[in-house]
Amino acid sequence: MRHFFSLSIVLLVFGTFSGAKAAGLLGVCLDNNSVPSECASNKLFFPKYAINNGKATVKYRIDRGSLGDFDESTLQSSVNDVLSRWENVSSLDFSLDGDGLMPVNVDGTNYNDYLFSDGPLGYSPIIFDDTGEILIDVMGEGAENDILGFATARFFNVRNNQILSINESQSLINGYLYKLSNRPGINNLTELLDEFKSTILHEFAHMVGLDHSQGGQIEEYERFTRGEEVPELELDKFPIMFPISANPNLDLQRDDISSVTIAYPKSSIANSTGSIRGSLLNGTVPIKSANIIAYNVNNPLAEMVTSASDVDGLGQGNFVLPYLSPGSYIIKV
């Protein structure tokens, strides 16, 4: 069994999408043969990297070789460049392991040693699937046309049947969609590189335990992709953690920062913003995994944050909506 699927692989796609989850943390089962939706409540955990001395250090290495139309040097500098955006708003510390490069160029002949290794590698690998052949082998023919990449936490620190923290993660980027000849809707390599950076920004968040955002914009976006006019749609206000590659910019939105604040708080941000906490109940019965959205009434799209009920895994329907600016909010479930 490919036991790292105990934490569902999280995909970034372009085009239409259904079934997005609320922002917050990703659930993982202690039982490697289960998926989060089938977990008993006492087997569902929301792990993150351990914070020591105010920092959550994530050691990573970058694949050697090219990705679609991009060479090794461009890829390495792009990855290192975008990670500071998460570090600036959280206690995360992304750190290159050793020389920062994986021992080999990972391809269709050797990917099992890294993607499905029997034990930790000592770092979190960022795998560049140059032609999409690995993705096809893992997920089936046609996957290369829709999936920009995937990421997951892979190994965990476990004690007394409790998952304490993430030990190691992994990510794979699909090079088939980073070849300009396969992307008729993209005009030049500059646009394609910006999308690659956005994908890396998104996937690294999954690697450290963050889930997708669904700030009530799925329906509007799907109408937009069908060619309908959607006047209220502002793509540059979509979170980076939206499940579809939508925002053309690389700016983290309020919901992105709120989500990472739940797992990796930064004192300067926590002390200068507000939060809403509560529990979602049906009578006296806690509701788990509902999407909870808080809208600032004066600027609902830009000042929107989301979370899932029971995000702490205690079975009480608890939720937290941090990183709020002063104002009046409407909460929807």
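## A tour that starts at a hairpin

Select β7 and β8 to begin: they make a hairpin, with two residues between the strands, and N160 in that turn has a positive phi of about 50°. Keep in mind as you click around that this is a predicted model.

**Stop 1: the turn.** Zoom in on N160, which sits in the loop between β7 and β8. Its phi is positive although N160 is not a glycine. For background, most residues other than glycine have a negative phi. Is N160 buried or exposed? Its relative accessibility is 69%, and the cut-off for exposed is over 50%, so N160 counts as exposed.

**Stop 2: along the hairpin.** Now show the backbone of β7, residues 147–159, next to β8. The two strands run antiparallel and are joined by 10 bridges. To see one pairing, pick R159, which stands opposite Q162 in β8.

**Stop 3: another partner of β8.** Add β6, residues 124–129, to the selection. Four bridges join β6 to β8, and this pair runs parallel. A handy pair to label here is I126 and S171, since S171 in β8 is the bridge partner of I126. As a reminder, strands of a sheet pair through backbone hydrogen bonds, either parallel or antiparallel. With β8 you can look at both arrangements: parallel with β6 and antiparallel with β7.

Before moving on, colour β8 (162–174) by accessibility. How many of its 13 residues are buried? The count is 10, so β8 is largely enclosed by the rest of the structure.

**Stop 4: another asparagine.** Jump to N53, in the loop between β3 (44–45) and β4 (56–62). N53 is a residue other than glycine with a positive phi, near 55°. With a relative accessibility of 84%, N53 counts as exposed.

**Stop 5: a helix packed inside.** Select α6, residues 254–263. Why can α6 be called largely enclosed by the rest of the structure? Because 10 of its 10 residues are buried. Buried here means under 20% relative accessible area. Going along the helix, the buried residues are R254, D255, D256, I257, S258, S259, V260, T261, I262 and A263. The list takes in R254, D255 and D256, residues that belong to the charged class.

To see what does the covering, show the neighbours of α6. They include the helices α1 (72–87) and α7 (267–270), along with the strands β5 (92–101), β13 and β14 (318–324).

**Stop 6: a cavity by the start of α6.** Leave R254 and D255 selected, because your next stop uses both: they help line the second largest cavity. Add K237, P239, Q253, L301, A302 and M304 to complete that lining. By class, the lining has four nonpolar residues, three charged and one polar. The space inside is about 30 Å³. The structure holds two cavities of 30 Å³ or more.

**Stop 7: a three-stranded sheet.** M304 from the cavity lining leads you on to β13 (304–308), an edge strand. Select β12 and β15 as well, and you have an open sheet in the order β13-β12-β15, with antiparallel pairing. β13 and β15 (329–332) are the edge strands, each pairing on one side only. The twist averages 15° from one strand to the next.

For a closer look, follow β12 (residues 291–296) beside β13: five bridges join these antiparallel strands. N291 makes a good marker, standing opposite A308 in β13.

**Stop 8: an open pocket.** Hide the sheet and go to the second largest pocket, which has about 340 Å³ of space. Which of its 17 lining residues lie nearest the centre? Select E195, S245, A246, N247 and P248 to see them. Next, show α4 (189–207) and α5 (218–225), each of which supplies at least two residues of the lining. α4 gives the most, with four residues. Colour the lining by class and you should find eight nonpolar, five polar and four charged residues.

**Last stop: the whole chain.** Zoom out and turn the cartoon on. The chain has seven helices and 15 strands, and of its 333 residues 53% count as buried. If you draw the contacts with a separation of 6 or more, 71% of them are between residues 24 or more positions apart.

Conventions:
Residues are numbered from 1 along each chain as its sequence is written. This is a predicted model: local features need pLDDT of at least 70, side-chain atom pairs count only at pLDDT 80 or more; totals for chains, interfaces and linings use all residues. Side-chain values use heavy atoms; hydrogens and water are left out. On a 1 Å grid over the protein atoms alone, a cavity is a set of points where a 1.4 Å probe fits but cannot get out, and a pocket is an open set with protein on both sides within 12 Å along at least five of seven lines; lining residues have an atom within 4 Å of a point. Grid points are joined across faces, edges and corners, and a volume is the space filled by probe spheres set on the points. Two strands pair if DSSP finds at least two bridges between them. Axes are lines fitted to C-alpha atoms, for helices over the stretch in contact, and angles run from 0 to 180 degrees between N-to-C directions. Buried means under 20% relative accessible area, exposed over 50%, partly exposed in between (1.4 Å probe, protein chains only). Contact means heavy atoms within 4.5 Å.
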